[in-house]
Amino acid sequence: MTKREKRLERIRRNPKSVRFEDLDQLLLDYGFARRQPSGGSSYYIYARGDMRLTIPMNRPHLREVYVKSVLKLLDDIEDE
């Protein structure tokens, strides 16, 4: 089992307590490009092809709704 698979399973098991760094690394592992915020914003933009995600950097954990939307998107990518 690769690090990416382990990280994905850990996030799936507990989507309520996911750190931004873990989700960020997972998206980068799946080939998303990250654009950092400018002008004082805390929202990071991830892009892969025509897919776009906007995720706020909250400390210490992300809100569950953002994590679930990323998991759904990654499931769609794996189904292709």
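This passage walks through the helices, the hairpin and the core of a predicted model.

Helix α1 makes a handy starting point. The helix spans residues 3-13, and R7, L8 and I11 are its buried residues. Looking down the axis of α1, these buried residues sit within an arc of 100 degrees, so they line one face of the helix. That fits the usual geometry: an α-helix has 3.6 residues a turn, so residues three or four places apart point the same way. As for what lies over that face, the cover on the buried residues of α1 includes α2 (20-29) and α3 (64-79). Close to the start of the chain in numbering, R4 puts its charged end over the ring of Y30, 4.3 Å from the ring centre.

Helix α2 comes next, with F20, L23, D24, L26 and L27 buried. These residues take up an arc of only 165 degrees around the axis, which puts them on the same side of α2. Their packing partners are α1, β1 (33-35), β2, β3 and α3. D24 deserves a word of its own: this residue of helix α2 has a relative accessibility of 10% and therefore counts as buried, the cut-off being under 20%. Setting aside residues up to four places away in sequence, D24 touches R34 and Y46. Just after α2, the backbone takes a positive phi at G31, of about 95 degrees.

Now for the strands. β2 (residues 43-48) and β3 (residues 51-56) run antiparallel and are joined by six bridges. One pairing to look at is that of A47, whose bridge partner in β3 is R52. The hairpin has two residues between its strands, and G49 adopts a positive phi near 65 degrees there.

The aromatic side chains give a count of one aromatic pair. The rings of F20 and Y44 have centres 5.0 Å apart and planes at 50 degrees, so the pair is tilted. It ties together distant parts of the chain, with F20 in helix α2 and Y44 in strand β2, 24 residues apart. Both F20 and Y44 are buried.

That leaves the nonpolar interior. In soluble globular proteins, nonpolar side chains tend to be buried together. Here, the largest nonpolar core holds 20 residues, and L27, F32, Y46, I55 and L74 have the most contacts inside it. Two or more residues come from each of α1, α2, β2, β3 and α3. Helix α3 supplies the largest share, with six residues.

Two residues show how this part of the model is put together. Once neighbours within four places in sequence are left aside, F32 is in contact with L27, Y46, A47, R48, M51, L53, L73, L74 and I77. L73, for its part, lies in helix α3, and with a relative accessible area of 15% it is buried. Again leaving out neighbours within four places in sequence, the contacts of L73 are F32, M51 and L53. L27 is not in that set of contacts; the C-alpha atoms of L73 and L27 are separated by 10 Å, with their positions 46 residues apart along the chain. F32, by contrast, is in contact with both L27 and L73.

Definitions and conventions. Residues numbered from 1 in each chain as written. Predicted model: local features only at pLDDT ≥ 70, side-chain atom pairs only at ≥ 80, totals over all residues. Heavy atoms only, no water. Pairing = 2+ DSSP bridges. Helix = DSSP H or I, 4+ residues; strand = E, 2+ residues; numbered from the N terminus. Buried < 20%, exposed > 50% of the residue type's maximum accessible area, 1.4 Å probe, protein only. Arc of directions from axis to C-beta. Contact = heavy atoms within 4.5 Å. Phe/Tyr/Trp six-rings, centres within 6.5 Å; stacked < 30°, edge-to-face > 60°. Lys NZ or Arg CZ within 6 Å of the ring centre and 35° of its normal. Core = buried A, V, L, I, M, F, W, Y, C linked by side-chain atoms within 4.5 Å.
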